[in-house]
Amino acid sequence: MNTNLQSDSVINMPQGNTRTLALIGVMAAVTCILGPLSIPLPFSPVPISLTNLAVYFSIYVLGMKKGSISYVIYLLIGLVGIPVFSSFTGGPGKLLGPTGGYLIGFLFMAVICGLFIDKWPEKRYMGFLGMVMGTLVCYLFGTVWLAHQAGLSFEAALAAGVIPFIPGDVAKMLIAMFIGPEIVKRLKKAGLC
């Protein structure tokens with residue numbers, strides 16, 4: 001009898017909930033597609049990655065809570081060994097390695113970006129400010145962990161894991177600031193958001 005009740009509740013799930021779950025899954029999949037695409041740098045254990053761009057888009061499409069859930073799903077997929085992290089790697093070793101702090105920092109980045117984007121959805125400059133602040137927190141987590149793992153000073157870890165990435169990350173923020181709201185408008189127009 002309980003099985004029938006559970007089946008009925010799934011079948012009768014409100015359409016909005018189904019769409020929300022589907023969008024969370026889609027954005028986790030987008031992160032799984034963009035996350036492994038990376039360019040290794042000879043002077044740094046940290047590669048150029050598109051993971052933060054995927055997180056920015058997820059926050060625009062889903063908001064803070066659901067966008068953060070989408071990132072956690074991506075993180076869990078990678079932790080079980082599916083190669084969705086940079087350079088098509090996966091497993092707990094990646095989280096414990098030199099770039100693990102950035103992987104954790106992305107979650108805090110999602111929350112901070114989401115707070116700004118949710119509070120001021122019509123003000124793109126506030127979304128940009130949220131992305132900057134969230135990225136700075138991610139940089140902090142990543143730098144501290146990189147320094148610890150690689151036996152570097154904080155300044156050396158900053159030089160290897162942050163400074164070279166600032167121009168590219170600003171470009172990703174600008175792309176997300178202009179394209180993210182447009183994606184949301186089109187999803188709303190299609191009745192998907």
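Which element gives the largest share of the lining of the largest cavity? Here are some notes to read beside the model, which is a predicted one.

1. **The cavity and its main contributor.** The answer is strand E2, with four residues, the largest share of that lining. The count of cavities of 30 Å³ or more comes to one, and about 260 Å³ of space lies in the largest cavity. If you want to find the spot on screen, look for Val46, Pro47, Ser49, Tyr102 and Phe106, the closest to the centre among the 21 lining residues.

2. **Who else lines the cavity.** Besides strand E2 (44–49), the elements that give two or more residues to this lining are helix H3 (51–79), helix H5 (100–119), helix H6 (124–150) and helix H8 (166–189). By class, the lining residues of the largest cavity divide into 11 nonpolar, seven polar and three charged.

3. **The strand pair.** E2 also has a partner: strand E1 (residues 38–41) pairs with E2 in the antiparallel sense, over three bridges. Two residues make the hairpin connection from E1 to E2. For a landmark in this pairing, take Leu41, whose bridge partner in E2 is Ser44.

4. **A bent helix.** H3 deserves a careful look. At 1.5 Å a residue, a straight helix of 29 residues would span 42 Å, yet the end C-alpha atoms of H3 are only 15 Å apart. Follow the helix along and you will meet a kink of about 125°, centred on Gly63. Another glycine to check is Gly81, just after H3, with a positive phi of about 110°.

5. **How enclosed is H3?** Of its 29 residues, 21 are buried, so H3 is largely enclosed by the rest of the structure. H3 is also one of the elements that give two or more residues to the lining of the largest cavity.

6. **The largest pocket.** There is an open site to consider too: the largest pocket, with a volume of about 550 Å³. Its lining has 23 residues, and Tyr60, Val61, Val184, Lys188 and Cys193 are the closest to its centre. Helix H2 (15–34), H3, H5 and H8 are the elements that give two or more residues to this lining.

7. **What the pocket is lined with.** H3 turns up again here, giving eight residues, the largest share of the pocket lining. Sorted by class, the lining of the largest pocket has 12 nonpolar, three polar and eight charged residues.

Notes: Residues are numbered from 1 along each chain as its sequence is written. This is a predicted model: local features need pLDDT of at least 70, side-chain atom pairs count only at pLDDT 80 or more; totals for chains, interfaces and linings use all residues. Side-chain values use heavy atoms; hydrogens and water are left out. On a 1 Å grid over the protein atoms alone, a cavity is a set of points where a 1.4 Å probe fits but cannot get out, and a pocket is an open set with protein on both sides within 12 Å along at least five of seven lines; lining residues have an atom within 4 Å of a point. Grid points are joined across faces, edges and corners, and a volume is the space filled by probe spheres set on the points. Ala, Val, Leu, Ile, Met, Phe, Trp, Tyr, Cys and Pro count as nonpolar, Asp, Glu, Lys and Arg as charged, and the others, Gly among them, as polar. Two strands pair if DSSP finds at least two bridges between them. The expected span of a helix is 1.5 Å times one less than its number of residues. The bend at a residue is the angle between axes fitted to the seven residues ending there and the seven starting there. Buried means under 20% relative accessible area, exposed over 50%, partly exposed in between (1.4 Å probe, protein chains only).
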